[in-house]
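This report is meant for a reader who is meeting the structure for the first time. Please look over the sequence and the model below before reading on.

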Amino acid sequence: MAKTDPLVTVLKLAVAAEEKAALQLKAAQFERQKRQGQLDALNNYRLDYMKQMEGHTGTTLRANQYHQFHQFIKQVDQAINQQLAVVKDGEKQLGYRQQHWQETQQKRKAVEMLLAKKADKALIAETKREQKMSDEFAMQQYFRNKIK
C-alpha cells in the first residue's frame with residue numbers, strides 16, 4: 001500500500017481554507033452591495049422629498065410645516081450619515097476578506113509548487129535509476145557477447 005504524501009493532506013486543507021475564504025469574500029461583497037443599496041435608497045428618498053417640497057414653492061407654508069420639513073430632512077440626513085458609516089465598515093470588511101482570500105490562495109499555490117518540485121525530483125530520480133539499469137544491462141550484454 002502506497003503511503004500518502006503529507007503534502008497532499010496539507011494541499012487538501014489549503015484548498016478547503018481557500019474555498020471558505022472565497023465564500024466569505026462573496027458574502028462580504030453581497031453585504032457591501034446591500035448596504036450601498038440602502039444608502040442609495042435613502043439618498044433617493046431625500047431627493048424625492050426635496051423635489052416634493054420644491055413643488056410647494058409659491059404656496060404658503062405654515063411655520064410648523066416648515067419646521068417639520070426641516071426636522072424630517074435633518075433625520076433623513078442623520079440616517080444617511082449612519083448608513084455611510086455602515087457602508088464604510090462594509091468596505092473595510094470586504095478589504096479584510098479580499099486580503100484573507102489572497103493569503104489563502106498564496107498558501108495553496110505554495111503547497112502546489114512544493115508538490116510539483118517533489119514530483120519533478122522523483123521523476124528525475126526515476127529517470128536516473130532507469131538509465132543506470134539500462135547501462136548495466138547493456139554492459140552485461142557486452143560482456144556476454146565478448147565471452148562467446
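## A buried arginine and its partner

With a relative accessibility of 14%, arginine 108 counts as buried, because a residue is called buried when its relative accessible area is under 20%. This and the other values here come from a predicted model. The side chain of arginine 108 meets that of glutamate 18 in a salt bridge, with a distance of 2.3 Å from N to O. The pair links distant parts of the chain, since arginine 108 belongs to helix α2 (residues 63-147) and glutamate 18 to helix α1 (residues 6-54), with their positions 90 residues apart.

Is glutamate 18 buried or exposed? Glutamate 18 is buried, its relative accessible area being 11%. When its neighbours within four places in sequence are left aside, glutamate 18 is in contact with Trp101, Thr104, Gln105 and Arg108, and the last of these residues is its salt-bridge partner.

## A network of salt bridges

The structure holds eight salt bridges. One of them joins glutamate 31 to lysine 34, whose closest N and O atoms are 3.7 Å apart. These two residues stand three residues apart in helix α1, and therefore about one helical turn separates glutamate 31 from lysine 34. Glutamate 31 is partly exposed, with a relative accessible area of 28%, and lysine 34 also counts as partly exposed, at 40% relative accessibility.

A further salt bridge is formed by aspartate 89 and arginine 35, and here the closest N and O atoms are 3.4 Å apart. This pair, too, links distant parts of the chain, for aspartate 89 lies in helix α2 and arginine 35 in helix α1, 54 residues apart. Aspartate 89 is partly exposed, with a relative accessible area of 34%, whereas arginine 35 is buried, with a relative accessible area of 16%. Through salt bridges that share partners, Glu31, Lys34, Arg35 and Asp89 are joined into one network.

## Helix α1 from its start to its buried residues

At the start of α1, a side-chain oxygen of aspartate 5 reaches to within 3.0 Å of the backbone nitrogen of leucine 7. How far apart are the end C-alpha atoms of α1? The 49 residues of α1 should span 72 Å at 1.5 Å a residue, and the end C-alpha atoms are indeed 72 Å apart, so the expected span and the computed distance agree.

The buried residues of α1 include Leu7, Leu11, Ala14, Leu25, Leu39 and Met53. Leu7 is thus both a buried residue of this helix and the residue whose backbone nitrogen is approached by the side chain of aspartate 5. Glu18 and Arg35 are also among the buried residues of α1, and each of them has a salt-bridge partner in helix α2. What covers the buried residues of α1 includes α2.

## A nonpolar patch on the surface

Which residues form a nonpolar patch on the surface? The patch is formed by Met139, Tyr142 and Phe143, which together have about 340 Å² of accessible area. Phenylalanine 143 has its place in helix α2, and with a relative accessible area of 44% this residue is partly exposed.

Definitions and conventions
Residues are numbered from 1 along each chain as its sequence is written. This is a predicted model: local features need pLDDT of at least 70, side-chain atom pairs count only at pLDDT 80 or more; totals for chains, interfaces and linings use all residues. Side-chain values use heavy atoms; hydrogens and water are left out. A salt bridge is a side-chain nitrogen of Lys or Arg within 4 Å of a carboxyl oxygen of Asp or Glu. Helices (H or I, at least four residues) and strands (E, at least two) are DSSP runs, numbered from the N terminus. Buried means under 20% relative accessible area, exposed over 50%, partly exposed in between (1.4 Å probe, protein chains only). Contact means heavy atoms within 4.5 Å. Patches are made of residues with over 30% relative accessible area and no salt bridge: like charges are joined within 9 Å, nonpolar side chains (Val, Leu, Ile, Met, Phe, Trp, Tyr) within 5 Å. Accessible areas come from the Shrake-Rupley method with a 1.4 Å probe; for residues, only the protein chains shown count as cover. The expected span of a helix is 1.5 Å times one less than its number of residues. A polar contact is a pair of N or O atoms within 3.5 Å; within protein, one must be able to donate a hydrogen and the other to accept it, and residues adjacent in sequence count only if both atoms are side-chain atoms.
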